[in-house]
Amino acid sequence: MTKGRGAGAGAGLANVSGALLAMSRHLEVRDVLKTIVVSAREVLDAEYAALGVPDDHGGFAQFVVDGVSEEQWKAIGPLPRQHGILAAMLHDATPQRLADVRLDPRFEGWPDAHPEMSDFIGLPIADGDEVLGALFLANKRCPKPSGSCGFTSEDEELLAILAQHAAIALTNARLYERSRELTIAGERARLAHELHDAVSQKLFSLRLTAQAATALVDRDPARAKGELQQIAALAAEAADELRSAVVELRPAALDEDGLVATLRTQIRVLDRAHTARVTFAARGVRALPAAQEEALLRVAQEGLHNALRHANADRVEVTLARHGQGALLRVTDDGAGFDPSAVRRAGRHLGLVSMRDRASGVGGRLTVESAPGKGTVIEMEVPGG
């Protein structure tokens with residue numbers, strides 16, 4: 001028996017080592033949280049795992065689960081409050097190992113759609129005196145004599161090691177995101193200054209040209225027409241500069257809600273705002289590196305803009321699906337279509353150059369299929385992280 005326990009412990013430590021390496025690969029907080037939960041469930045061989053990050057209002061700012069399907073999670077309902085066993089994990093540094101969580105006096109029940117859980121182990125993730133979150137695991141996959149907990153003291157030791165390194169990984173991810181926020185804030189300020197200067201100059205030119213056209217309209221209509229054409233050109237330049245600056249800013253919704261939720265919200269708005277039917281579907285998409293998510297969002301936005309503004313489409317479909325370790329975005333419309341080679345020869349790109357640059361910039365690939373009267377299909381594939 002001793003030999004068996006030693007082999008199990010060795011395997012457990014090997015799994016922990018793999019889990020620590022996996023955590024160190026991510027810098028986004030939500031990626032780190034998901035990796036911690038998946039790793040903990042695999043290391044302790046449990047059916048379910050969850051990690052809750054508390055907010056300041058008695059709830060959870062984030063609650064990540066593994067072992068529960070997306071359909072189950074939706075049916076369970078809103079995020080839990082900090083009560084019962086969950087609250088104990090956040091306010092007591094002592095690990096909790098229970099034979100049946102439902103028999104604990106602190107247990108307060110769960111929603112109807114919640115899976116049944118019995119044996120339980122929980123541990124806080126702490127950085128010094130600050131509790132960053134709490135790990136919960138349930139239903140050890142092993143034979144359990146009546147009244148005993150499947151989770152062992154060895155499991156508790158392995159989970160403690162994982163929790164210590166999870167605290168480091170989570171702290172580093174938060175510092176990285178804070179650093180990035182400061183960088184983005186500085187970049188926003190710089191772009192705002194440049195945008196103000198560039199657009200102000202264009203507007204000043206517009207005003208002078210308009211004054212000239214007004215003065216010429218009666219005595220020299222031909223020259224007045226030329227001035228009006230110049231006004232149109234200046235307005236187009238100002239719009240282009242405004243657009244090029246704005247699209248460089250990573251939208252706050254992407255950081256807060258993630259790619260799928262951001263796309264779903266934006267497409268819902270477009271569907272209401274346009275006569276065309278605009279739909280969105282996502283299948284099995286996992287969290288991706290931030291640069292890839294932003295590139296996918298920008299390409300989707302450009303494709304939607306072309307379909308709704310230029311192609312006169314009646315239906316636009318956007319899908320985002322898991323593709324290996326990465327994702328595949330597809331924007332399909334039934335609009336007028338175009339000849340890509342003719343567009344290139346005419347020097348008009350319909351955003352194709354920008355989309356290809358965004359795809360290649362994150363190690364991805366972009367393909368465009370279109371023909372006059374045949375609609376357009378834009379696909380972008382990214383490798384994941």
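Buried denotes a relative accessible area under 20%, exposed one over 50%, and partly exposed one in between (1.4 Å probe, protein chains only). Helices (H or I, at least four residues) and strands (E, at least two) are DSSP runs, numbered from the N terminus.

The model is predicted, so local features need pLDDT of at least 70 and side-chain atom pairs count only at pLDDT 80 or more, while totals for chains, interfaces and linings use all residues. Residues are numbered from 1 along each chain as its sequence is written, and side-chain values use heavy atoms, with hydrogens and water left out.

**Whole chain**

Display the entire protein chain to begin. The chain holds 11 helices and 10 strands, and 39% of its 385 residues count as buried. Its accessible surface, computed by the Shrake-Rupley method with a 1.4 Å probe, comes to about 20600 Å², of which 54% belongs to carbon and sulfur atoms.

**Helix α11**

Select residues 352–361, which form helix α11. Within this helix, L352, M355, R358 and A359 are buried. Seen down the axis of α11, these buried residues fall within an arc of 130° (taken from the directions from the helix axis to the C-beta atoms), so they line one face of the helix. S360 and G361, on the other side of α11, are exposed. Next, add α9 (290–310), β9 (365–370) and β10 (376–382): the buried residues of α11 pack against these elements, a contact being heavy atoms within 4.5 Å. Just after α11, G363 takes a positive phi of about 75°.

**Strand β9**

Remain in β9 and select T367. At 28% relative accessibility, T367 is partly exposed. T367 touches V377, I378 and E379, not counting residues up to four places away in sequence. The C-alpha atoms of T367 and V377 are 8.2 Å apart in space, with the two positions 10 residues apart in sequence numbering.

**The nonpolar cores**

A nonpolar core is a set of buried Ala, Val, Leu, Ile, Met, Phe, Trp, Tyr and Cys residues joined through side-chain atoms within 4.5 Å. For the largest one, which has 33 residues, select L263, L296, V316, L320, L329, L366 and M380, the residues with the most contacts inside it. Elements giving two or more residues to this core are α8 (259–273), β6 (277–283), α9, β7 (315–323), β8 (326–333), α11, β9 and β10. Helix α9 gives the most, with 8 residues. Centre the view on L263, which touches F280, L297, A300 and L320, residues up to four places away in sequence being left aside. Another core, of 29 residues, lies apart from the one just viewed; L33, I121, L158 and A163 are among its members.

**Strand β4 and its partners**

Select residues 120–127, strand β4, where 6 of the 8 residues are buried. Two strands pair if DSSP finds at least two bridges between them. Strand β3 (residues 96–98) runs antiparallel to β4 and is joined to it by 3 bridges; R97 has I121 as its bridge partner in β4. Strand β5 (residues 130–140) also pairs with β4 in the antiparallel sense, over 8 bridges. D127 stands opposite E130 in β5. The hairpin of β4 and β5 has 2 residues between the strands, and G128 there takes a positive phi near 65°.

**Helix α4**

Finish at A88, in helix α4 (residues 84–91). A88 is buried, with a relative accessible area of 14%. A88 and L123 are 35 residues apart in sequence, and their C-alpha atoms are 9.6 Å apart in space.
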